[in-house]
Amino acid sequence: MPARTRTAALAAALVLGIVAGPAAPAAVATAAPHGGAHRTAPTDDADARRDAPDAEALRAALAGLPDADSTAALARVGGSGGSWRGSAGVHDLRSGRPADEEGRFRAGSVTKVFTAAVVLQLAAEKRVALDRPARAYLPTLIPAAYGAVTVRQLLDHTSGIPAADLPGETAEEAYAHRFDRHDPRDMVASATAKDREFAPGAAQHYLNINYTVLGLLIEKVTGARYADEVRSRVLAPLGLRDTYFPGDDPRIKGPHNRGYQSFPRAGGSEGEVELRDVTVWGNTSSWAAGDLISTTADLEQFVQALFRGQVVPEPQLEEMFSLPAPSVRDHVSGDPAAYSAGLSVTTLGGRQVWGKSGGRWGYNTVIGATRDLSRTLVYSVNATDAKGPDMNPTALKLMVATFGAPSAGPAPAA
């Protein structure tokens with residue numbers, strides 16, 4: 001496969017937030033670049049050792065940080081063949097001290113998995129019906145023009161509701177508006193004042209607005225704040241003590257590595273760039289679609305519990321592993337629909353892998369796993385163009401080292 005084609009395929013996997021593929025033997029623990037740690041859990045089972053994480057490749061994936069594309073990276077690989085974790089890079093560019101491998105970070109759209117889990121819990125409790133129109137729960141918010149949109153169509157991005165109007169078309173403009181506060185009801189009103197993109201259920205378009213509506217639906221049905229419901233239903237039961245919702249606070253509380261974004265240097269020559277610290281950045285525009293702050297340890301625990309049925313009960317959990325009908329295509333690319341309720345799917349290494357990616361300024365995050373949890377991946381990369389169109393090179397190397405390259409052909413049944 002040509003290098004550009006292979007990179008594009010893996011970049012597509014990053015957008016979905018999931019990858020899979022063959023593993024290789026584990027290696028002994030060693031020191032990470034810039035003082036970070038690399039650890040491999042031993043195993044006595046011969047078959048498990050053959051499917052152990054490729055520690056050598058994972059170490060190589062994190063080597064050389066910080067560089068122009070990434071200032072730090074944290075990763076955890078797990079599964080039936082053992083586990084590996086590592087960190088590299090720096091806490092911040094000024095001090096140059098090693099990255100905090102337990103640091104918190106902005107998880108971006110991984111938030112959607114938590115939101116979907118709460119909605120599916122409410123469905124299990126028969127407080128929400130997935131095929132009922134969302135307007136039945138939010139009659140004063142959802143106008144009649146969108147009256148046919150169901151809860152399920154919000155969950156799998158087939159609602160046809162367009163994006164809300166938000167300031168900032170470029171990174172520079174977004175930076176200027178980074179402390180703006182956005183009300184979720186205002187964002188829904190902005191979106192639903194426009195014509196629909198397509199008839200509900202006819203296509204799929206991944207947009208934050210669907211999960212903004214779901215956050216408001218959770219509040220309406222429960223009578224509690226969205227963040228409080230996620231905390232009481234998911235975070236507290238699983239003991240995810242380093243995961244929280246920042247609300248209006250633009251800071252990351254507790255230990256964390258600084259995030260940076262590359263900008264054209266003012267007055268510089270063409271192509272000359274500068275890095276700005278973007279760690280402090282308001283995220284009210286993403287809310288229930290993307291404002292979660294977490295750690296790799298918490299997210300690894302979450303994805304394991306979720307896939308084991310400890311967060312969402314059957315049969316509602318099947319919604320997370322079920323795609324829309326084959327006739328439903330992506331509204332932009334025309335590709336087959338790849339998003340389910342909260343998750344998305346791709347095929348690499350001949351296996352189906354389900355998960356989610358997230359990108360906020362200064363931070364790229366991924367959670368992903370095979371359905372049987374034989375291989376899992378969680379990472380946070382402090383990317384200097386975290387919301388850019390191209391895949392971060394460090395993230396690319398981590399994915400290849402963990403799962404291998406994309407495979408051709410359909411995935412086997414999960």
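Helices and strands here are DSSP runs, numbered from the N terminus, with at least four residues for a helix and at least two for a strand. In this predicted model, helix 9 (residues 226-238) gives the most to the lining of the second largest pocket, with three residues.

## The chain as a whole

The protein chain has twelve helices and 14 strands. Of its 414 residues, 55% are buried. The chain exposes about 16700 Å², and carbon and sulfur atoms supply 50% of that area. Among contacts with a separation of 6 or more, 73% are between residues 24 or more positions apart.

## Pocket and cavity

The second largest pocket holds about 280 Å³ of space. Its lining is made of 15 residues, and those nearest the centre are Arg 225, Gly 247, Asp 248, Trp 287 and Asp 291.

A search of the whole structure for cavities of 30 Å³ or more finds one. The largest cavity has a volume of about 40 Å³. It is lined by Leu 74, Ala 75, Arg 76, Arg 85, Gly 86, Ser 87, Glu 101, Glu 102 and Thr 296. Strand 3 (70-79) and strand 4 (84-89) each supply at least two residues of this lining.

The table sets out the two linings by residue class.

| Space | Volume | Nonpolar | Polar | Charged |
|---|---|---|---|---|
| Second largest pocket | about 280 Å³ | five residues | three residues | seven residues |
| Largest cavity | about 40 Å³ | two residues | three residues | four residues |

## Nonpolar cores

The largest nonpolar core has 74 residues, and Phe 114, Leu 155 and Met 320 touch the most other members. Helix 4 (residues 111-124) contributes the largest share of this core, nine residues. A second, separate core of 23 residues includes Ala 73, Ala 88, Leu 377 and Ala 401.

Met 320 can be followed further. Leaving out residues up to four places away in sequence, Met 320 touches Val 113, Ala 116, Ala 117, Leu 120, Leu 306, Ser 340, Ala 341, Leu 343 and Trp 354.

## Two residues in detail

Ala 305 lies in helix 11 (residues 296-307). Its relative accessible area is 3%, and because buried means under 20%, Ala 305 counts as buried. Beyond the residues up to four places away in sequence, Ala 305 touches Leu 238, Gln 310 and Val 311. Of these, Leu 238 is 67 residues from Ala 305 in sequence, and the two are 7.9 Å apart in space, C-alpha to C-alpha.

Gly 79 is found in strand 3, one of the strands that help to line the largest cavity. Gly 79 has a relative accessibility of 30%, so it counts as partly exposed; that class runs between the buried limit of 20% and the exposed limit of 50%. Apart from neighbours within four places in sequence, Gly 79 is in contact with Leu 373, Ser 374, Arg 375 and Thr 376. The C-alpha atoms of Gly 79 and Ser 374 are separated by 4.4 Å, although these residues are 295 residues apart along the chain.

Key:
Residues are numbered from 1 along each chain as its sequence is written. This is a predicted model: local features need pLDDT of at least 70, side-chain atom pairs count only at pLDDT 80 or more; totals for chains, interfaces and linings use all residues. Side-chain values use heavy atoms; hydrogens and water are left out. A nonpolar core is a set of buried Ala, Val, Leu, Ile, Met, Phe, Trp, Tyr and Cys residues joined through side-chain atoms within 4.5 Å. Buried means under 20% relative accessible area, exposed over 50%, partly exposed in between (1.4 Å probe, protein chains only). Contact means heavy atoms within 4.5 Å. On a 1 Å grid over the protein atoms alone, a cavity is a set of points where a 1.4 Å probe fits but cannot get out, and a pocket is an open set with protein on both sides within 12 Å along at least five of seven lines; lining residues have an atom within 4 Å of a point. Grid points are joined across faces, edges and corners, and a volume is the space filled by probe spheres set on the points. Ala, Val, Leu, Ile, Met, Phe, Trp, Tyr, Cys and Pro count as nonpolar, Asp, Glu, Lys and Arg as charged, and the others, Gly among them, as polar. Accessible areas come from the Shrake-Rupley method with a 1.4 Å probe; for residues, only the protein chains shown count as cover.
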